[in-house]
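Thank you all for coming; I would like to take a few minutes to walk through one model with you. Please have the sequence and the structure in view while I talk.

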Amino acid sequence: MEKGRQIADSKVESVHLVRMTHLNGAGRLFGGILMQWIDEVAALAAKKHSRMNITTASIDHLQFLKGAYLDDVVVLQGKLTYVGRTSMEVKVETYVEDKSGLRTLINCAYITEVALDKNGKPAKVPDLILETEEDRLEWAKGEKRRAMRILHA
């Protein structure tokens, strides 16, 4: 197994057009649809990092900042922020992109994924190579979130 992988190696971007079937009764993007898209992006990022099957273990932070509406372009960006022995924390940021390309943050979530071996058992994941001060700050915050998850388990 490789010693580690760069954060850039696991980055994922997904783009969706909000359609009528995605709306709730108030005419906004239904939160459950957005949660599905977030889970998919997190899973893909973790899969790219681990190169194994994964499963979602937790979503411990999901913050809806603004809504999205019919015909909005929704862009989700996922990247790893922290890894343990078998688990990976993925930060997924969600934006609405206007016609000029300007993106407005509407949601931020942290998801924990666990790598699985061919028998469906947790498997060791590669280290995460931290290259920037921002990477190290995200890692430190990830350590704190992990400690809180363990405390509340």
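**A charge over a ring, and what surrounds it**

Let me begin with arginine 145, whose charged end sits over the ring of tyrosine 110, 3.6 Å from the centre of that ring. I should say at once that this is a predicted model, so please take the distances and angles I quote as computed from that prediction.

The side chain of arginine 145 also meets that of glutamate 89 in a salt bridge, at 2.8 Å from N to O. Arginine 145 belongs to helix α2 while glutamate 89 belongs to strand β5, so this pair ties together parts of the chain that are 56 residues apart in sequence. Are these two partners buried or exposed? With the cut-off for buried set at under 20% relative accessible area, arginine 145 counts as buried because its value is 17%, and glutamate 89 counts as buried because its value is 1%.

Glutamate 89 has a further partner in arginine 149, with which it forms a salt bridge whose closest N and O atoms are 3.6 Å apart. That pair again links distant parts of the chain, since arginine 149 is in helix α2 and glutamate 89 is in strand β5, 60 residues apart. These residues belong to a network of salt bridges that links Asp60, Glu89, Lys91, Glu93, Glu138, Arg145 and Arg149, and a search of the whole structure finds 11 salt bridges.

One of the salt bridges joins lysine 3 to aspartate 127, with the closest N and O atoms 3.3 Å apart. Here lysine 3 is in the segment before β1 (4-6) and aspartate 127 is in strand β7 (residues 127-129), so that the pair spans 124 residues of sequence. Lysine 3 is exposed, with a relative accessible area of 68%, whereas aspartate 127, at 30%, counts as partly exposed.

Now to the sheet. How many strands does the open sheet have, and in what order do they come? There are 5 strands, in the order β2-β4-β5-β6-β3, and their pairing is antiparallel. The edges are taken by β2 (12-17) and β3 (53-64), each of which has a single partner strand, so one side of each is left without a neighbour in the sheet. On average, and ignoring direction, neighbouring strands are turned by 25° against each other. The antiparallel pairing of β2 with strand β4 (residues 73-83) runs over 6 bridges, and serine 14 stands opposite leucine 76 in β4.

Two helices lie across strands of this sheet. Helix α1 (residues 31-50) lies across β2, β3, β4, β5 and β6 (103-116), at about 45° to β4, while helix α2 (residues 133-151) lies across β3, β4, β5 and β6, at about 80° to β4.

Between helix α2 and β4 there is also an aromatic pair, formed by tryptophan 139 in the helix and tyrosine 82 in the strand, 57 residues apart. The pair is tilted, with 4.4 Å from centre to centre and 50° between the planes, and both tyrosine 82 and tryptophan 139 are buried.

Lastly, let me return to strand β5 (residues 87-97), in which serine 87 lies. Serine 87 is buried, with a relative accessible area of 16%, and, leaving aside neighbours within four places in sequence, serine 87 is in contact with Thr112, Glu113, Val114 and Val125.

Key
Residues are numbered from 1 along each chain as its sequence is written. This is a predicted model: local features need pLDDT of at least 70, side-chain atom pairs count only at pLDDT 80 or more; totals for chains, interfaces and linings use all residues. Side-chain values use heavy atoms; hydrogens and water are left out. Helices (H or I, at least four residues) and strands (E, at least two) are DSSP runs, numbered from the N terminus. Buried means under 20% relative accessible area, exposed over 50%, partly exposed in between (1.4 Å probe, protein chains only). Contact means heavy atoms within 4.5 Å. Two strands pair if DSSP finds at least two bridges between them. Axes are lines fitted to C-alpha atoms, for helices over the stretch in contact, and angles run from 0 to 180 degrees between N-to-C directions. Rings of Phe, Tyr and Trp (its six-membered ring) pair if their centres lie within 6.5 Å; planes under 30 degrees apart count as stacked, over 60 as edge-to-face and the rest as tilted. A charge sits over a ring if NZ of Lys or CZ of Arg is within 6 Å of the ring centre and within 35 degrees of the ring normal. A salt bridge is a side-chain nitrogen of Lys or Arg within 4 Å of a carboxyl oxygen of Asp or Glu.
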